[in-house]
Every structure is written in C-alpha cells, then in structure tokens.
Amino acid sequence: MTKILLFVAMLALAGAACGKKGNPIAPELAAPKTIANLTARSGPNGVALTWSRPTEYVDGATLKDLASFVIFRKEVSAACPDCPVPYRQLTTVNVEDRQRFSQQKQYRYEDQEVQPKAIYRYRVSSQLLDGSLSAPSNEVEVSR
C-alpha cells in the first residue's frame, strides 16, 4: 500500500513539474524587427549615427527584453568601393531604460575614431537579453 501511495505521489509531482511556461516560439519570430531608419552624418567630432528603437518582435508581439544595440562598421577603400570588406563590431550601446514607464525612442552614437578622407559604412543590430541579435539594419555610408 505504501508503495502505491509513493508511486501516485511521484506521478502527481511529475505532472505538476513539466517545465512548460508558455507556448513555444520559433527563434526567428523571437527576434526584434529590423531597424530600417539608421542615418549617418559626418560632423566636426566624428560620425553621428541615429536610429529608432524597435518596439516589436518580427511576429508583431511587443518587445520586452531589449538589452542593447550592436554597431558594426567597415572602412571602404576609395580605390575599390565594391571590394568585399567584412563588418567589424565597433561598440555596444546599452539600453538603460528597460524597467521605466517611458522608454527612449531615438538613439544616437558618435563614432570619434574615424580618419579624415575615409569612407565608412555602418549597420546596427538590436540585441536581446539572451544575447541573440536581430537582422542588420539598413546600411549607411559616410565620407569624412
């Protein structure tokens, strides 16, 4: 009798602890929408980048776990503008207002590590708390 009660108790615990917290979401739908309005402007101190904060995942659900933005840059040769040059990670801009009622809508970063007469291309990806990245933003090019 004791063995039967022990077996029933184990079944009850196993059924209650399935670990399911919600319906599974495909990874490609859990990514933030792609930033489409990245702009770059050359100024006296460097290159100023601006973009809008994404508010939704690609499936349309409200974005809740945005952690940062990763900025990528590549230098383009004036002699060969179409030569393949890989993007390199320049920096990460952290999102500081995740828990606030009012969230920042526009972001700005100034790249001060640029050389005169150089051509640069930039892209930005949103990064979630789990480290996953969105698709890269539109590409912008600027000459110093």
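Let me start with the core. In this predicted model, the largest nonpolar core has 21 residues. Those with the most contacts inside it are Leu-38, Leu-49, Trp-51, Phe-69, Ile-71, Tyr-122 and Val-124. Two or more residues each are given to this core by strand 2, strand 3 (66-76), strand 6 (119-128) and strand 7 (140-143). Strand 6 supplies the largest share, four residues. As a general remark, nonpolar side chains in soluble globular proteins tend to be buried together.

Now the protein as a whole. There are 144 residues, and 31% of them count as buried. The secondary structure comes to one helix and seven strands. Reading from the N terminus, the order of elements is α-β-β-β-β-β-β-β. Of the contacts with a separation of 6 or more, 62% are between residues 24 or more positions apart. The exposed surface of the protein is about 9700 Å², with 55% of it supplied by carbon and sulfur atoms.

Next, one sheet. It is an open sheet of three strands, in the order 1-2-5, and the pairing is antiparallel. Strand 1 (39-43) and strand 5 (106-111) are the edge strands, each pairing on one side only. On average, neighbouring strands of this sheet are turned by 20° against each other, direction ignored. Between strand 2 and strand 5, which run antiparallel, there are six bridges. Within this part of the sheet, Ala-48 stands opposite Glu-110 in strand 5.

I will finish with two residues from the core list. The first topic is Leu-49, found in strand 2 (residues 46-52). Is Leu-49 buried or exposed? Leu-49 has a relative accessible area of 0%, and because the cut-off for buried is under 20%, it counts as buried. Which residues does Leu-49 touch, not counting those up to four places away in sequence? They are Leu-38, Thr-39, Ala-40, Ile-71, Tyr-107, Arg-108, Tyr-109, Tyr-122 and Val-140. Take Thr-39 from that list: Thr-39 and Leu-49 are ten residues apart along the chain, and their C-alpha atoms are separated by 5.6 Å.

The other residue is Phe-69. Leaving aside neighbours within four places in sequence, Phe-69 is in contact with Ile-35, Trp-51, Arg-53, Pro-54, Thr-91, Thr-92, Val-93, Val-95, Tyr-107, Val-124, Ser-125 and Ser-126. Tyr-107 is on this list, and Tyr-107 is also touched by Leu-49. Trp-51 and Val-124, both in contact with Phe-69, are among the residues with the most contacts inside the core.

Terms used. Residues are numbered from 1 along each chain as its sequence is written. This is a predicted model: local features need pLDDT of at least 70, side-chain atom pairs count only at pLDDT 80 or more; totals for chains, interfaces and linings use all residues. Side-chain values use heavy atoms; hydrogens and water are left out. Buried means under 20% relative accessible area, exposed over 50%, partly exposed in between (1.4 Å probe, protein chains only). Contact means heavy atoms within 4.5 Å. Accessible areas come from the Shrake-Rupley method with a 1.4 Å probe; for residues, only the protein chains shown count as cover. Two strands pair if DSSP finds at least two bridges between them. Axes are lines fitted to C-alpha atoms, for helices over the stretch in contact, and angles run from 0 to 180 degrees between N-to-C directions. A nonpolar core is a set of buried Ala, Val, Leu, Ile, Met, Phe, Trp, Tyr and Cys residues joined through side-chain atoms within 4.5 Å.
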